[in-house]
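User: I want to see how the labels in a structure like this one are arrived at. Please set each value against its definition.

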Amino acid sequence: MDMLSSERYITAFSKSAAPVLRVSDGATVRIATKDCYMDNLRAENDPRGAAKGPAIGCNPASGPVFIEGAWPGDTLKCEILAIDVGDYASMRISNHGGLMADRVTAPIVRCIPLRDGHAELAGVRMPLDPMIGVIGVAPEGGDVDTESPGAHGGNMDTRHIRAGSTLYLPVAAEGALFALGDVHARMGDGEICICGLECPAEVTVCLSVVHGKREKWPMLKDERGRWYAIASAADLDEAAKLSADAMMDFIEKRVAIDHNELILLMSLVCHLEISQVVDPLLTARTSLDPFAFPGLDF
Ligand code: CA
Ligand code: CA
């Protein structure tokens, strides 16, 4: 299996980023990731000891990985096989950033142990549900920093991007130039306070190329066969419309169905959901009930 260290990372997705690993089409890669604060956010009396550098919230994404045979116009299929989180997660709130910043009366920096598949906060014990915040390829246009989501993927903060799911990303550069990071041991829809359980991780993915076929926005299929079209924009209204359009385009290319009847049907079997409202662009997703078109494939 190909391995990638968390020391090889980018803070912007770019066509001109130099690959740090080259893999063949269909390769399985194990990728170590730092948390979004470069593993350096420290609470008082943090059990991890002193930080090794400044706690910059720069969303380092390990990569980029060059996938042989991927060309613009193709799709990179990324099967997420496993997400193994570290022993601790970090969180913080302040009066800057996040949907609830105006309600914060005292900033918090917190280190939260991840033990036996659970975390505990404010007396509430909760199961971990690891997901990937930042995952993408080089974008079509100019560089996009790892703070922002877009058509290339990036900081989509979508909790269904978890082990068992398969993400389809539109390729814009030779080799795709894939990277991922910003793993959360758990996160609720919206990422209301601005962070999830931010943690280092090791992620195992299988990367393969779908030739000559591409959607405008990332598409995700979860372990139950539910499809999601994930789109980002300056506000939620626009993100919602873009994701619904993306789902309609996806279905219409693959299913023989009357155009206007599909619009009727979408109101019954599609669900508009919020991924996150705290990044430079906001992310919405439209999901499709698996019973509607069983066997629907990319
Ligand atoms: Ca994020
Ligand atoms: Ca994060």
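## From values to labels

User: Why is Asp182 called buried?

Analyst: Its relative accessible area is 2%. Buried means under 20%, exposed over 50%, and partly exposed in between, with a 1.4 Å probe and protein chains only. Asp182 is therefore buried. This is a predicted model, in which local features need pLDDT of at least 70 and side-chain atom pairs count only at pLDDT 80 or more, while totals for chains, interfaces and linings use all residues. Residues are numbered from 1 along each chain as its sequence is written, chains are lettered from A and ligands numbered from 1 in the order in which they are written, and side-chain values use heavy atoms, leaving out hydrogens and water.

User: What makes Asp182 a donor to the calcium ion (ligand 2)?

Analyst: Donors are N, O and S atoms within 2.8 Å of the metal, or 3.2 Å for Na, K and Ca. The calcium ion (ligand 2) has Asp182 (OD) twice, His184 (NE2), and Glu198 (OE) twice at 2.2 to 3.1 Å. That range is within the 3.2 Å set for Ca, so these atoms count as donors. Water is not among the atoms, so such sites may look incomplete. Along the sequence, the donor residues of ligand 2 are spaced D-x1-H-x13-E. His184 is buried, with a relative accessible area of 0%.

User: Which residues supply the donors of the calcium ion (ligand 1)?

Analyst: They are Asn155 (OD1), Asp157 (OD) twice and Asp182 (OD), at 2.2 to 2.4 Å from the ion. Their spacing along the chain is N-x1-D-x24-D. The two calcium ions, ligand 1 and ligand 2, are 3.4 Å apart, and Asp182 coordinates both. Asp157 lies in the loop between strand S15 (153–155) and strand S16 (166–170), and Asp182 in strand S17, so the pair ties together parts that are 25 residues apart in sequence. Helices (H or I, at least four residues) and strands (E, at least two) are DSSP runs, numbered from the N terminus. Asp157 and Asp182 are both buried.

User: How do you know that Ser90 and Arg48 are joined by a polar contact?

Analyst: Their side chains are joined at 3.1 Å. A polar contact is a pair of N or O atoms within 3.5 Å; within protein, one must be able to donate a hydrogen and the other to accept it, and residues adjacent in sequence count only if both atoms are side-chain atoms. The 3.1 Å pair is therefore within the limit. Ser90 sits in strand S8 (residues 88–93) and is buried at 1% relative accessibility. Setting aside residues up to four places away in sequence, Ser90 touches several others, including Asp35, Tyr37 and Glu198. Contact means heavy atoms within 4.5 Å.

User: Where is Arg162 found, and what does its side chain meet in a polar contact?

Analyst: Arg162 is in the loop between S15 and S16. The side chain of Arg162 makes a polar contact of 2.8 Å with that of Asp129. Arg162 is buried, at 11% relative accessible area.

User: What makes Leu99, Met100 and Ile192 a patch?

Analyst: Patches are made of residues with over 30% relative accessible area and no salt bridge; like charges are joined within 9 Å, and nonpolar side chains (Val, Leu, Ile, Met, Phe, Trp, Tyr) within 5 Å. A salt bridge is a side-chain nitrogen of Lys or Arg within 4 Å of a carboxyl oxygen of Asp or Glu. Ile192, at 43%, is over the 30% limit and counts as partly exposed. Together the three residues have about 270 Å² of accessible area, by the Shrake-Rupley method with a 1.4 Å probe and, for residues, only the protein chains shown as cover. Ile192 is in the loop between strand S17 (178–184) and strand S18 (201–210).

User: Why are Asp116 and Glu191 singled out for their phi?

Analyst: Most residues other than glycine have a negative phi, and most peptide bonds are trans. Asp116 has a positive phi of about 50 degrees, and Glu191 also has a positive phi of about 50 degrees. Asp116 is exposed at 74%, whereas Glu191 is buried at 4%. The peptide bond between Gly63 and Pro64 is cis, with omega about 5 degrees.

User: Is Val210 buried or exposed?

Analyst: Val210 has 19% relative accessibility, which is under 20%, so it counts as buried. Val210 is in strand S18.
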